[in-house]
Amino acid sequence: MFYAVRKGRRPGVYSSWDECRDQVDGYGYASFRKFESEEDAWDFANGESSRSTGRYTDVYTDGCCSNNGRRDARAGTGVYWGPDHPLNVSERLPGRQTNQRAEINAATRAVQQARSQNITKLNIHTDSKFTIDGMTKWVPNWERNGWKTSTGKDVVNKEDFQRLTNLSEGMDIKWTHVPGHAGCKGNEAADRLAREGAGKP
């Protein structure tokens, strides 16, 4: 069973009642429920009903980079569709090795795969607020400003965001933020795949 906390000390999804109780006991107007499905639990925790997301296909993406910002940095991407799913991805990131590029490219990989499977409605779960804000807030402004930031500088990850934006054309993509390392099995699986990818040649 999965225990979803929508309003509590630390909203999220927990795998035991004891963990859930710690978040809601004595918390004013706490909101929590028990679910058999982790996806439904996260829908509730994020303030949505399972009916509203039922037509979307869920995928979890993550990127990682050891020694981020240094010459010996190693980055990897992970895409998790489900237990032993044939589309699960664990890859080394090509090109510049940074954590942000890994996060963006993990989402890009998921969109590529969705297109190959004729999936048009995709719910991308990621712990990268940077990727979500980039795709939902910043890209439209960057496009209007000739891919310059508000301070007039070049957008650092321009090519990566352009590629993801172009691939997303015509698709109905929902971006769902999940807190990293907070017990979400899908996120933890994507993180594990990304770390394995970073270790590849």
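What share of the contacts in the protein with a separation of 6 or more comes from residues 24 or more positions apart? The share is 64%. Contact here means heavy atoms within 4.5 Å.

This is a predicted model, in which local features need pLDDT of at least 70, side-chain atom pairs count only at pLDDT 80 or more, and totals for chains, interfaces and linings use all residues. Residues are numbered from 1 along each chain as its sequence is written, and side-chain values use heavy atoms, with hydrogens and water left out.

**Overall build**

The protein has seven helices and eight strands. Both are DSSP runs numbered from the N terminus: helices are H or I with at least four residues, strands E with at least two. The radius of gyration is 18 Å, close to the 17 Å from the globule rule for 201 residues, so the protein is as compact as a globular protein of that length. That radius is taken over C-alpha atoms, and the rule is 2.2 Å times the number of residues to the power 0.38. Along its principal axes, the C-alpha trace spans about 50 × 40 × 35 Å.

Of the 201 residues, 48% are buried. Buried means under 20% relative accessible area, exposed over 50%, and partly exposed in between, with a 1.4 Å probe and protein chains only.

**Charges**

Positive side chains number 30 and negative ones 27. The centres of the two sets lie 4 Å apart. Lys and Arg count as positive, Asp and Glu as negative; His and the chain ends are not counted. Each charge is placed at NZ of Lys, CZ of Arg, CG of Asp or CD of Glu.

**Asp160**

Asp160 sits in helix α6, residues 158–168. Its relative accessible area is 9%, so Asp160 is buried. Its side chain makes polar contacts with two other side chains, listed below. A polar contact is a pair of N or O atoms within 3.5 Å; within protein, one must be able to donate a hydrogen and the other to accept it, and residues adjacent in sequence count only if both atoms are side-chain atoms.

| Side chain | Partner side chain | Distance |
|---|---|---|
| Asp160 | Arg101 | 2.9 Å |
| Asp160 | Asn105 | 3.2 Å |

Beyond its neighbours within four places in sequence, Asp160 is in contact with Arg96, Arg101, Ile104, Asn105 and Thr108.

**Ser128**

Ser128 lies in the loop between β7 (121–126) and α5 (129–144). Its relative accessibility is 5%, so Ser128 counts as buried. Leaving aside neighbours within four places in sequence, Ser128 touches Glu103 and His177. Pro179 is 51 residues away from Ser128 along the chain, yet their C-alpha atoms are separated by 8.6 Å.
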